[in-house]
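Here are a few exercises to work through with the structure in view. Try each one yourself before you read the solution.

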Amino acid sequence: MLNINILFKFQSENIRVYLRIKSGYNFSNLYVISNDTLICNVPEGSHCMRNVREGDSLRKIYTFSRIFHPQTTQNEIFNSIVKQKILDFINGENSTLLTYGASGSGKTFTVIGTDEEPGVVPRSLEYLFRTLPQLSKNPVAKPLPAGNITLLNDSDWRKERQFRKNLLNASSSLMDKTQHVKTYMAMQQRLSGEPVGLLEQSSGVSLSIWVSFAEIYNEQIYDLLQPDPPRGKQRPRLRLGCSNGNTYIKNLTNINVTSGLEAYEILQYGIHNLNYASTNLNSHSSRSHSIFTIKLVQVSDTDGGIHISSFNFCDLAGSERTKKTMNVGERLKESNNINSSLLVLGRCISAIRNSQKHNDHKLVPFRESKLTQLFQKALAGQEDIAMIVNISPKREMFDETQHVLNFSAVAKDIAIERRPVENLLAKKPSRFSQLVQSRSGITENGYASEVEDDIEQLRNAVLLLQNELEQQRNEFEINEKLSRDYIIEGYEKILKETEENADRRVKDAEAYVALKYETKLRNMRLKYEAMLEESERNAIIQLDSSDEEEIEQLKEMIDELKNKEVDLQKALTQLKIENETKEQQVKELMERNRKMNEEKMELQRTLDDAVRDYVELQCHYDAKENENLLLEKRNLELENELDSFKEQINAVVEMDFGSEDQDDNVHEEIPREDSTEKDSSSQSAIENVD
């Protein structure tokens with residue numbers, strides 16, 4: 001078994017850059033490997049030959065920390081690159097491992113692997129949990145994204161356990177959980193013979209492992225360990241924060257795991273939420289940068305000393321050329337964002353290399369990309385960082401490979417300054433710090449003075465206050481979001497109910513007005529027809545059949561009445577048309593109201609807006625009522641005109657019959673020649689009536 005040693009050493013070394021060549025291709029005519037040196041024979045037609053004279057040849061030479069041949073296994077990669085870093089991680093060092101390369105070069109295979117050949121992340125999880133002692137089911141402290149911690153009580157760790165259980169249960173519905181368990185068990189069996197580190201005298205220290213998984217997609221950060229949002233809603237975007245010079249992801253989920261299998265299942269859950277797509281270069285191409293982080297929290301059971309170390313596995317999305325991928329639409333947008341963030345990464349590395357070489361401390365453009373902001377300390381050489389460069393030796397990918405190799409050559413020149421690990425547990429003997437000191441070979445002449453103890457207590461108090469402040473800030477953000485969502489939901493419900501009530505009232509009003517007008521029109525038609533029939537019947541009874549002239553006059557009067565009836569019908573038809581026009585206007589108003597509601601972009605409308613809409617609809621309804629009153633008044637005027645016309649007809653008829661009686665009485669007294677005068681007076685009376 002291997003022993004873990006903490007070495008407090010001040011030394012400067014460059015970023016270790018490893019090269020892994022994808023298998024399955026014959027590249028002897030393009031690349032030659034000599035120890036840790038790669039010699040590239042640039043072929044004709046390559047972009048690199050554009051400035052070379054015809055007939056000349058060009059070779060490029062790159063040196064790496066180590067080159068892994070295509071036949072290298074996943075286990076060799078892990079043992080050579082990652083195993084020692086896991087030991088340093090347990091001893092309190094922060095570390096970052098990047099995989100870089102063109103699309104389809106095997107980056108994800110190196111990091112995640114397959115069911116048959118697990119990558120460095122699953123192997124790291126198994127190695128870590130085999131090295132550490134049995135972890136408690138009840139963690140003492142939880143790391144916060146800002147880098148500090150919050151202490152957990154019984155209720156808190158029950159919530160953490162329930163959240164982990166819900167996540168694992170959810171993962172079983174999305175993926176074949178049984179297959180993941182079998183895969184991990186098979187890997188455990190294959191690695192059972194591999195040596196692991198041995199941690200001695202770990203009593204008095206509580207250990208807990210926490211994992212998180214995030215992705216940077218189109219320069220937006222998403223939490224891969226959050227359940228999928230409801231259909232029609234987008235995943236919440238996370239923001240970056242900064243505390244004590246450390247950049248972190250706000251509100252990123254950290255999940256406590258107590259075994260390698262739990263961590264592996266959560267890893268697979270996050271992988272399921274990653275963005276993948278098919279391109280001409282890769283049928284299963286990653287469209288985002290993924291960051292899987294493991295955090296180790298060490299808490300002293302005696303004096304409450306705390307130390308947090310983190311290990312970041314970052315699988316960078318592959319650089320792409322549109323000419324090769326033939327991406328369009330959304331894929332093209334993704335490619336542009338990927339290339340842009342990788343370009344910023346290259347600029348930052350070049351700026352750091354030049355700054356270290358010339359000691360000029362020029363500004364490094366970390367803030368131009370979220371990826372470089374997150375790994376600012378590691379890229380600047382303040383934390384351990386290593387890079388695995390993957391290349392595909394195909395002839396078609398030669399130009400893309402040259403860009404990757406040039407990038408790695410610059411990265412390899414960055415110096416890392418290793419600093420002593422600030423372990424808060426190293427205070428007094430017979431604790432976890434005693435193990436650290438005994439194994440590192442460092443002894444102390446005495447313990448801290450009372451002043452140093454006071455300073456340490458003040459530091460712990462400040463740390464505790466920072467933790468409480470961060471926790472209160474997170475609780476405030478969560479409560480604020482819940483309150484905002486509750487208010488928005490309430491207003492949406494009120495608006496929906498108001499719209500439904502308004503629509504129902506408008507429809508009821510339309511139906512009522514239409515029914516009322518139809519009933520009135522039908523009654524008026526029946527009434528006029530009955531009056532006309534009665535007038536014709538009375539006229540026929542009272543007329544003398546012998547008086548043809550009067551009959552003709554009455555016929556003319558009847559025709560006039562019929563014409564007036566036609567006019568009344570036209571007036572009624574016009575009223576009906578006007579009513580239909582009003583109904584159409586009401587429908588147009590409803591349609592306009594619906595479109596205005598659909599086009600609203602923000603939920604800034606308040607309950608007063610809904611009340612105002614309701615008042616407007618009520619006013620509209622009152623206007624319709626006023627129109628109904630006007631129509632009733634007009635109808636009453638028409639009825640009065642008809643009554644007046646009827647009275648005139650009766651007066652004419654009575655006058656006519658009265659003149660006939662008078663003529664009979666004086667017939668013998670008036671001379672024969674006055675008959676003409678009688679006829680003329682009778683005719684003038686009729687004309688006056690007309």
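Buried means under 20% relative accessible area, exposed means over 50%, and partly exposed lies in between, using a 1.4 Å probe and protein chains only. The model is predicted, so local features need pLDDT of at least 70, side-chain atom pairs count only at pLDDT 80 or more, and totals for chains, interfaces and linings use all residues. Residues are numbered from 1 along each chain as its sequence is written, and side-chain values use heavy atoms, with hydrogens and water left out.

**Exercise 1.** Find out how much of the chain is buried, and what it is built from.

*Solution.* Start with the count: the chain has 690 residues, and buried ones make up 41% of them. Next, look at the secondary structure, where helices (H or I, at least four residues) and strands (E, at least two) are DSSP runs numbered from the N terminus. You should get 16 helices and 22 strands. Lastly, take contacts, meaning heavy atoms within 4.5 Å. Among those between residues at least 6 apart in sequence, 77% join residues at least 24 apart.

**Exercise 2.** Classify C348 and C619 as buried, partly exposed or exposed, then count the disulfides.

*Solution.* C348 has a relative accessible area of 0%, so it's buried. C619 comes out at 47%, so this one is partly exposed. A disulfide is a pair of cysteine sulfur atoms within 2.5 Å. Apply that rule and the count is 0 disulfides.

**Exercise 3.** What kind of aromatic pair do F89 and F311 form?

*Solution.* First, the rule: rings of Phe, Tyr and Trp (its six-membered ring) pair if their centres lie within 6.5 Å; planes under 30 degrees apart are stacked, over 60 edge-to-face, and the rest tilted. The structure holds 8 such pairs. One of them warms us up: F27 and Y31 have ring centres 6.2 Å apart and planes at 65 degrees, so they are edge-to-face. Now for F89 and F311: 6.1 Å centre to centre and 80 degrees between the planes, which is edge-to-face. F89 sits in helix α1 (residues 74-90) and F311 in strand β20 (residues 306-315), so the pair ties together parts that are 222 residues apart in sequence. F89 has 1% relative accessibility, so it counts as buried. F311, at 0%, counts as buried too.

**Exercise 4.** Which residues do ring pairs link into a cluster with F27?

*Solution.* Follow the ring pairs and you reach Y31 and F398, which form a cluster with F27. Checking for cover, you'll find F27 and Y31 are both buried.
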